[in-house]
Structure formats: C-alpha cells, structure tokens
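Colleague: I would like to go through this structure and ask how each label is earned.

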Amino acid sequence: MAKHWADFQYEIYLNGLTGAVPRLPTDLTRLEALTERRLGPGPVGYVAGSAGDGSTARANRAALERRRIVPRMLRDVHERDLSVEVLGRCLPAPLALAPVGVLSIMHPDAEPAAARAAAAQGVPYILSSASSTPMEQVAEAMGDAERWFQLYWPKDREVARSFLNRARAAGYTALFVTLDTPLLSWRPRDLDQAYLPFLHGVGTANYFSDPAFRAGLAKPVHEDPDAAVTHFVGMFADPGKTWPDLAFLRENWDGPIVLKGVLHPDDARQAADAGMDGVVVSNHGGRQVAGAVAAADALPGVVEAAGDRLTVLFDSGVRTGDDVFKALALGARAVLLGRPYAYGLALDGQAGVEHVIRCLLAEFDLTLALSGHASPSALSPADLVEDTA
Ligand SMILES: Cc1cc2nc3c(=O)[nH]c(=O)nc-3n(C[C@H](O)[C@H](O)[C@H](O)COP(=O)(O)O)c2cc1C
Ligand SMILES: O=C(O)C(=O)c1ccccc1
C-alpha cells in the first residue's frame, strides 16, 4: 500500500491530545509574514520580492486561484497512490524542491538542511548553482536521495565543463538549465535596500571552490575576495546564448536535461528538437519578467506543444495542495516549490522544510481524495473550470 500523505493531518490532531500544536502554521501562505518578522529587511526582501511592481507574482497566484476544481463523488478513493514517474525515476509524490540560491541568508544550515529535509521525505531537491555550500558537500547531505543540479550556465566554457564534471562525479543525475536569468531583473525591493547577496560573497561556493574558476583569478580568493566576486558577476550568466549552444550541454551531459523557464509553446518545440528531456513552465516565481504571462496560463500551450516528447514540470506560485492539483490537471507531471520551503528553513531549519513538504502533500492528498481521484494520473483539464467573473 502506498504511503498516505494525508496521515499527517491525523498525526497533528493526535499530538493535540497531549496539548501540542504544530510549530509552524499549516497554511503555508502565512509563512512569509512570519519570516518577515524574523529576518532583516534585506534577506526577506530578496526572497519575497519579485520583478517590477510584483504584477507577475500576483498573476501567478490569480491564475491558479481563478481555476476551480469540480469534485466528483462516490468513486472509491480509499487507497491512493501519489507516486509519479519523472525523468525515468519514480517519485513518491509529484513534488520537488525548486533550486533556490543563496539560502544561507535564510538560515545558517542552508542547502544541506534543505537537502536533508527533502531526502527524509523522499522528495528530490534541485541544488542551485548559486548555493552557499559546494555541490559535493550538499550531495553528501542528500544521502541516497535523487540528486538534481540546476545550472546557471557560466559564460566561461571551462567553468561550465568543470561544473558538469563535478556534478556528475558528485552523483547528480539530472541537469536543470535555467534560461530565464541571463540578467537579473529590475527588483525594486532589493534596489531600495541596495542589497544583492553575492556582493557579500553569498551564493558563490560552487564558483570559489572551482579549479577552472580559480584559474581565471590573478590572486587566490582569500587574498582578493572583491576581485573574485567581480569575476563571479561577469561569469555567472551569458545573455549571448542561443538555441544552437544547447549542443554543448547535450554533448557534455549524458543524463536528462530539463530547460527551466519555458513559457512559449515554440520554445518547448525547440527544446525537444535540441534533444532536451523536459521543461519547467516557470516565470521564476515572478522574479524575472515583470508583466509576464502567469505560469499557469502558459502551461496548457506548452503541454500541448510538448506532446510525448518532453516531461513538463511546473512552478511559480504554488502555495497549497489545490494548486498542485490544478497544475497537474493542466498537464504538468509534477511541480516545484520555491519560496515556501525557504521560509520553512528560515523559521525552523530542516524541520521547517519538512513541515512545508508534509503540509503541501497532505493537503494535495486530501484534495485529490475529496475530489474523487486516487492518483495524479487520473487528473485532466476536465476536472477544472475557469472562474471568469
Ligand atoms: C530567493 C530565490 C532564489 C532563487 N534562486 C534560483 C536559482 O538559483 N536558480 C533557479 O533556477 N531558480 C531560482 N529561483 C527560482 C525558483 O527556482 C522557482 O522558479 C520559483 O521560486 C518558483 O516560484 P515560487 O517561489 O512562487 O514557488 C529562486 C527563487 C527565489 C525566491
Ligand atoms: O534570485 C533569483 O531569483 C535567482 O535566480 C538567483 C540568481 C543568482 C544567484 C542567486 C539566486
């Protein structure tokens, strides 16, 4: 019998018999305000903030909320199985933790704590290139869990090659290549605080530990940290890249490659033509293009274009179990979760991240059951209506 994620609900009530209540709210939309009280304005602004006036982030929520579930009754939902196949692996639920860089601004335990939390719950953790801990150390924290690595494709070919070699040697199997961040967007919350974590050296661990990166420095990192940061800023991304460049990644990575940040159906077709294995329909949580299409509104078109050539994943704005239901009904195979787990980490370290995963999946399991379905594969667009009022 598959694990019932909904059992967490009963566990909470049972603990209540001894007077215990959960350490963090079970409505994950409440975590941002709590984190705001805990952390300084720079760090929380960086995580909570988005591009421009925040319209894309709001549109992400509105597009999910506008879609409403039409539950079905009397359909035997006693036994449920939330597992899904993603990139040739069986996951216990349709969820992975999105790559979130600079996590040490949230909590000193940072990426290793998030990785341990994900591993404890059997959920994949996608490690960001811009992590505060080198990828080899995070790999150890992941233990037997699935290891996925997010690539910010460095401008320098040798650093790119070195990252791929290191990731492979450290046991990462799938590569998530983020396409939507060749530049950082206009982010007023960070600009008004004049706060950018990397300029404080945060999020540079993979680079500063990299032999190919260090070969480009005149002096060792510790002798001239400012020059190392400047080198990182110039190297971190490359707005000059085009579709034919993907051949380099295909030649240098033999596992699955997923392009993160695809919103247009034609880009999905180009991804498939370039031999990619999947896409993440994402607008980076509203952090890149202000005024961009809501991720959920872009999802059906990309799903159609992908056909059976690509695995389609989804992120940007997922906060509740019914959001997961809706993304899957619109055709995503699984969702990635971003800010909520960063807040869980800020508020309670590894335990906070586990709390977030368990709440989201318990709520999804209950939504699935109460809507008359026993597995993610049963969902389709016919389970939703669009609220046009
Ligand atoms: C603080 C922060 C840092 C992020 N860093 C990265 C990153 O290093 N690489 C990446 O591909 N996406 C990054 N993202 C985007 C997430 O992977 C994801 O697309 C987004 O957070 C999903 O939206 P949500 O926060 O609404 O769930 C970051 C997001 C946040 C909030
Ligand atoms: O802030 C982000 O959204 C992001 O993707 C990023 C980029 C570089 C370093 C850390 C995070």
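Modeller: What follows are questions about the two ligands and the terms used for them.

Modeller: This is a predicted model, where local features need pLDDT of at least 70, side-chain atom pairs count only at pLDDT 80 or more, and totals for chains, interfaces and linings use all residues. Residues are numbered from 1 along each chain as its sequence is written, chains are lettered from A and ligands numbered from 1 in the order in which they are written, and side-chain values use heavy atoms, with hydrogens and water left out.

Colleague: What is the mean pLDDT of the protein?

Modeller: pLDDT is the predictor's confidence in each residue, from 0 to 100. The mean is 98, and 100% of the residues reach 70 or more.

Colleague: What makes the pair between ligand 2 and His284 a polar contact?

Modeller: A polar contact is a pair of N or O atoms within 3.5 Å. An oxygen atom of ligand 2 is 2.7 Å from an N or O atom in the side chain of His284, so the pair meets that limit. Polar side-chain atoms of Arg187, at 2.9 Å, and Arg287, at 2.8 Å, also lie by an oxygen atom of ligand 2.

Colleague: How much of ligand 2 does the protein cover?

Modeller: On its own, ligand 2 has 290 Å² of accessible area (Shrake-Rupley method, 1.4 Å probe), and the protein covers 95% of that.

Colleague: Why does Thr178 count as a polar contact of ligand 1?

Modeller: An N or O atom in the Thr178 side chain is 2.6 Å from an oxygen atom of ligand 1, therefore the pair passes the same test.

Definitions and conventions: Polar contact = N/O pair within 3.5 Å; in protein donor to acceptor, adjacent residues only side chain to side chain.
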